[in-house]
Amino acid sequence: MTRLKTALIGLGLAAVLGLSACTSGSDTTTTNTQAPAGGAAPAQAESAKLTTTPANGAQDVAPGEPVTVTVADGELQNVALTNADGKQVAGRLAADKHTWTTTEDLGYSKTYTWSGSAVGSDGKPVQLTGSFGTVTPKRQISGSLNVGDGQTYGIAMPIALTFTSKVTDKAAAERALSVETTPKTEGSWAWLSDTQVHWRPKAYFQPGTKVTVNANIYGVKIGDGTYGKQDLTSTFTIGRSQIVKGDTTTHRMQVIRDGVQIADYPVSYGLDSDPGRVTHSGIHVVMSKYPVYSMSNPRYGYTDVNVPWAVRISNNGEFIHGLAASVWAQGKKNISHGCLNLSPANAKIYYDGVLTGDPVEITGSTQQLSAKDGDYSDWTYSWDDWTKLSALNS
């Protein structure tokens with residue numbers, strides 16, 4: 001009985017041990033063959049994919065268009081863009097090594113060839129090849145700015161860009177223009193003719209504003225077969241605030257500098273009864289000044305009359321200048337041919353303190369200044385009307 005019991009216990013223990021061994025082997029097999037729950041399959045290595053802009057084989061490319069190489073699934077190792085003479089174009093590789101971009105202008109009528117390589121995520125090199133050609137323009141036109149580097153101008157100063165011939169794609173030309181100001185100043189470009197575009201602020205500049213204008217028109221298609229010849233740039237400063245306020249009915253002219261009236265001069269304005277002689281009401285802008293200027297108006301019978309301390313405020317013939325012969329009428333009566341006559345002494349004081357770009361606000365006359373009255377008629381437009389003259393808003 002004791003022997004039988006012992007045998008049965010031994011058989012049970014063997015069964016339990018056998019079961020445990022079987023279960024343990026099964027668990028080990030499962031653990032070794034299944035992927036971890038939620039695990040992702042390893043990324044598959046790819047070869048580098050290169051894209052050039054302009055595309056390989058492109059012709060008549062405008063030199064002002066972007067020129068780049070980009071790579072997907074890899075990194076650029078080296079890039080060269082070479083012209084037919086073997087000269088390499090300067091360029092910049094992005095920090096992530098995914099993009100290379102030219103940093104200098106291309107030439108007209110040139111062929112450019114790519115070379116270099118990239119390495120894909122598979123570790124294998126891919127060669128950069130291809131070429132493109134730039135356009136041969138039918139015509140190149142240049143431009144000129146009315147503002148100079150390092151100059152100081154008044155608070156109403158417009159920026160004028162004048163082209164040497166007609167611009168037919170004004171939107172393309174305008175997209176190549178920019179004005180940067182410190183402090184930030186709201187303004188807009190406006191096309192005043194087929195050859196001239198101006199930028200003015202919505203309101204007068206703040207004194208001390210720093211302004212940089214860039215006309216990046218080189219290589220830009222601005223008409224049928226017409227391209228920009230060279231870029232233009234200028235950086236200048238807006239000076240103190242000075243505003244002239246003149247009233248033809250009171251025969252006076254006040255000078256207000258930085259909000260304070262510094263002068264109140266007697267004036268003789270243009271003869272109101274003659275539309276050809278009246279001084280126009282509206283916002284004029286100082287354009288230039290001369291210590292002596294020769295005045296001629298054959299219609300009214302005078303030529304080469306020299307006047308001192310002449311400040312041009314419009315291209316329609318209106319000046320602020322000295323004239324001893326009209327001192328008797330200054331402050332009392334309007335007898336001039338459209339100009340603001342001061343005594344020579346007062347004209348000299350005003351002349352010495354004036355800046356190109358200062359506004360001259362005239363009121364009281366029977367005629368209004370208009371866009372037909374010279375090159376700096378920018379302030380005769382309301383802001384809404386001005387912005388409508390932008391090619392990008394039409």
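Which residues lie nearest the centre of the second largest pocket? Hold that thought while we get our bearings. You're looking at a predicted model, where local features need pLDDT of at least 70 and side-chain atom pairs count only at pLDDT 80 or more, while totals for chains, interfaces and linings use all residues. Residues are numbered from 1 along each chain as its sequence is written, and side-chain values use heavy atoms, with hydrogens and water left out.

Let's start with the whole chain. It holds four helices and 28 strands; here helices (H or I, at least four residues) and strands (E, at least two) are DSSP runs, numbered from the N terminus. Of its 394 residues, 43% count as buried. Buried means under 20% relative accessible area, exposed means over 50%, and partly exposed is in between (1.4 Å probe, protein chains only). Now look at contacts, meaning heavy atoms within 4.5 Å. Among contacts with a separation of 6 or more, 63% are between residues 24 or more positions apart.

Back to the opening question. Pro63, Gly64, Glu65, Asp105 and Tyr218 lie nearest the centre of the second largest pocket, out of 15 lining residues. What is a pocket, exactly? On a 1 Å grid over the protein atoms alone, a pocket is an open set of points with protein on both sides within 12 Å along at least five of seven lines, whereas a cavity is a set where a 1.4 Å probe fits but cannot get out; lining residues have an atom within 4 Å of a point. Rolling a probe the size of a water molecule over the atoms shows where empty space is left. The second largest pocket has a volume of about 190 Å³, where grid points are joined across faces, edges and corners and the volume is the space filled by probe spheres set on the points. Its lining has six nonpolar, five polar and four charged residues. For these classes, Ala, Val, Leu, Ile, Met, Phe, Trp, Tyr, Cys and Pro count as nonpolar, Asp, Glu, Lys and Arg as charged, and the others, Gly among them, as polar.

Next, find Glu104, in the loop between strand S5 (99-102) and strand S6 (111-120). Glu104 is partly exposed, with a relative accessible area of 31%. Its C-alpha atom is separated by 9.9 Å from that of Pro63, although the two residues are 41 apart along the chain. Leaving aside residues up to four places away in sequence, Glu104 touches Lys87, Gln88, Val89 and Ala90.

Now for the largest pocket, with about 560 Å³ of space. It has 30 lining residues, and Asn297, Tyr302, Gly317, His337 and Cys339 lie nearest its centre. Strands S24 (288-297), S25 (302-312) and S26 (319-322) are the elements that give two or more residues to this lining, and S24 gives the most, with five. By class, the lining divides into twelve nonpolar, 13 polar and five charged residues.

Those strands belong to a sheet. Strands of a sheet pair through backbone hydrogen bonds, either parallel or antiparallel; two strands pair here if DSSP finds at least two bridges between them. This one is an open sheet of four strands in the order S24-S25-S26-S27, with mixed pairing. S24 and strand S27 (340-342) are the edge strands, each pairing on one side only. S24 and S25 run antiparallel, joined by eight bridges, and one bridge partner pair is Lys289 with Val311 in S25. Helix H3 (residues 344-353) packs on the sheet, touching S24, S25, S26 and S27, and its direction makes about 50 degrees with that of S25. Axes are lines fitted to C-alpha atoms, for helices over the stretch in contact, and angles run from 0 to 180 degrees between N-to-C directions.

H3 also lies across S20, strand S21 (252-257), S22 and S28, running at about 145 degrees to S22. That takes us to another sheet, an open one of five strands in the order S22-S21-S20-S28-S23, again with mixed pairing. Strands S22 (260-266) and S23 (282-285) stand at the edges with a single partner strand each, so one side of each is left without a neighbour in the sheet. Inside this sheet, S20 (residues 242-247) and S28 (residues 359-363) pair in the parallel sense over four bridges, and Asp247 has Thr363 in S28 as its bridge partner.
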